[in-house]
Amino acid sequence: MQNNKINSTTIIGIRKSNQIVIAGDGQASLGNTIMKSTVKKIRRLGVDESVIAGFAGSTADAFTLFERLEAKLEKHAGNLTRAAVELAKDWRSDKYLRRLEALMAIADKEKSFLISGTGDVLEPEEGIIGIGSGGNYALAAAKVLMDSKMSAEEIAKKSIQVASEICVFTNNNITLEKI
């Protein structure tokens with residue numbers, strides 16, 4: 001039986017030396033078929049576009065969450081922490097949102113968070129977030145590279161590249177946003 005779940009896969013968030021980067025691969029798969037290789041999974045949010053966000057999971061669900069997060073940012077005057085907590089509360093308790101299958105990595109100049117539908121709002125201890133099917137591979141690569149002289153952007157790109165060589169749901173068509 002073929003798995004008909006769409007996999008939109010690897011996202012890495014890096015915070016290093018006052019640089020904040022979120023990068024993602026470009027592959028969307030349906031079961032074992034690559035449906036598209038140029039999906040953009042990273043977006044700037046907020047009135048002043050001071051927040052960057054990436055998603056892993058169902059594309060339609062992610063766009064719903066991007067819209068909700070943007071509304072929370074507007075309601076809370078750009079306060080990312082407050083917006084993230086409010087989104088997580090809604091996501092966990094709302095009957096419709098509860099069914100959404102995605103994870104989000106979000107960041108602004110001050111904070112980075114991983115948000116899940118179970119109500120989690122996690123701030124990474126080492127400034128690295130990895131989500132999606134190749135997220136753990138990218139996370140492992142980034143942890144090793146954080147002690148190098150590489151910039152946050154270089155670490156993010158290399159981490160996605162490493163994940164793309166291991167995870168069949170990840171490609172090396174990288175999109176990236178930085179602050």
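Reader: Which residue in S7 stands opposite arginine 43?

Author: Good place to start! The general idea is that strands of a sheet pair through backbone hydrogen bonds, either parallel or antiparallel. In this predicted model, arginine 43 stands opposite alanine 53 in S7. Another pair links these strands: leucine 45 has valine 51 as its bridge partner in S7.

Reader: How many bridges pair S6 with S7, and in which sense?

Author: Strand S6 (residues 42–45) and strand S7 (residues 51–57) are antiparallel, with four bridges. The two make a hairpin with five residues between them, and glycine 46 in the turn has a positive phi of about 95°.

Reader: Where else can I look at a hairpin?

Author: Try strand S4 (residues 28–30) and strand S5 (residues 33–36), an antiparallel pair with three bridges. In S5, lysine 36 is the residue opposite alanine 28. This hairpin has two residues between the strands, and glycine 31 takes a positive phi near 65°.

Reader: Back to S6 and S7. Which strands form the open sheet that holds them, and in what order?

Author: The order is S6-S7-S8-S9-S10, five strands with antiparallel pairing in an open sheet. S6 and strand S10 (121–122) are the edge strands; each has a single partner strand, so one side of each has no neighbour in the sheet.

Reader: Which helices lie across these strands?

Author: Helix H1 (residues 59–75) lies across S6, S7 and strand S8 (102–107), and its direction is at about 155° to S7. H2 lies across S7, S8, strand S9 (112–116) and S10, at about 10° to S9.

Reader: How do I read the other open sheet, the one with four strands?

Author: Use the same steps: order, sense, edges. The order is S11-S2-S3-S12, with antiparallel pairing. S11 and strand S12 (175–178) stand at the edges with a single partner strand each, so one side of each is left without a neighbour in the sheet. From one strand to the next, the twist averages 10°. Within this sheet, S2 and strand S3 (residues 19–24) run antiparallel and are joined by six bridges. One of the pairings is that of lysine 16 with glutamine 19 in S3. H3 packs on the sheet, where it touches S2 and S11, and its direction makes about 160° with that of S11.

Reader: Which residues of helix H3 are buried?

Author: In helix H3 (residues 135–145), they are Gly135, Ala138, Ala141, Ala142 and Leu145. These residues cover an arc of only 130° around the axis, which means that they are on the same side of H3. On the other side, Asn136 and Val144 are exposed. The buried residues pack against strand S2 (11–16), strand S11 (128–131) and helix H4 (152–166).

Reader: Now for single residues. Is serine 112 buried or exposed?

Author: Serine 112 has a relative accessible area of 8%, so it counts as buried. This residue is found in strand S9. Its side chain makes a polar contact with the side chain of arginine 15, at 3.0 Å. Leaving aside neighbours within four places in sequence, the residues in contact with serine 112 are Arg15, Ile106, Ala107, Leu122, Glu123, Pro124 and Ile129.

Reader: And glutamate 86: where does it lie, and is it buried or exposed?

Author: Glutamate 86 lies in helix H2 (residues 80–93). With a relative accessible area of 13%, glutamate 86 is buried. The side chain of glutamate 86 makes a polar contact with the side chain of lysine 89, at 3.2 Å. Setting aside neighbours within four places in sequence, glutamate 86 is in contact with Lys72 and His76.

Reader: One last thing a modeller would ask. What average pLDDT does the protein chain have, and which elements have the lowest and highest means?

Author: The protein chain averages a pLDDT of 90, and 96% of the residues score at least 70. Among the elements, strand S1 (residues 6–8) has the lowest mean, 55, while H4 has the highest, 98.

How values were computed:
Residues are numbered from 1 along each chain as its sequence is written. This is a predicted model: local features need pLDDT of at least 70, side-chain atom pairs count only at pLDDT 80 or more; totals for chains, interfaces and linings use all residues. Side-chain values use heavy atoms; hydrogens and water are left out. Buried means under 20% relative accessible area, exposed over 50%, partly exposed in between (1.4 Å probe, protein chains only). A polar contact is a pair of N or O atoms within 3.5 Å; within protein, one must be able to donate a hydrogen and the other to accept it, and residues adjacent in sequence count only if both atoms are side-chain atoms. Contact means heavy atoms within 4.5 Å. The arc is that of the directions from the helix axis to the C-beta atoms. pLDDT is the predictor's confidence in each residue, from 0 to 100. Two strands pair if DSSP finds at least two bridges between them. Axes are lines fitted to C-alpha atoms, for helices over the stretch in contact, and angles run from 0 to 180 degrees between N-to-C directions.
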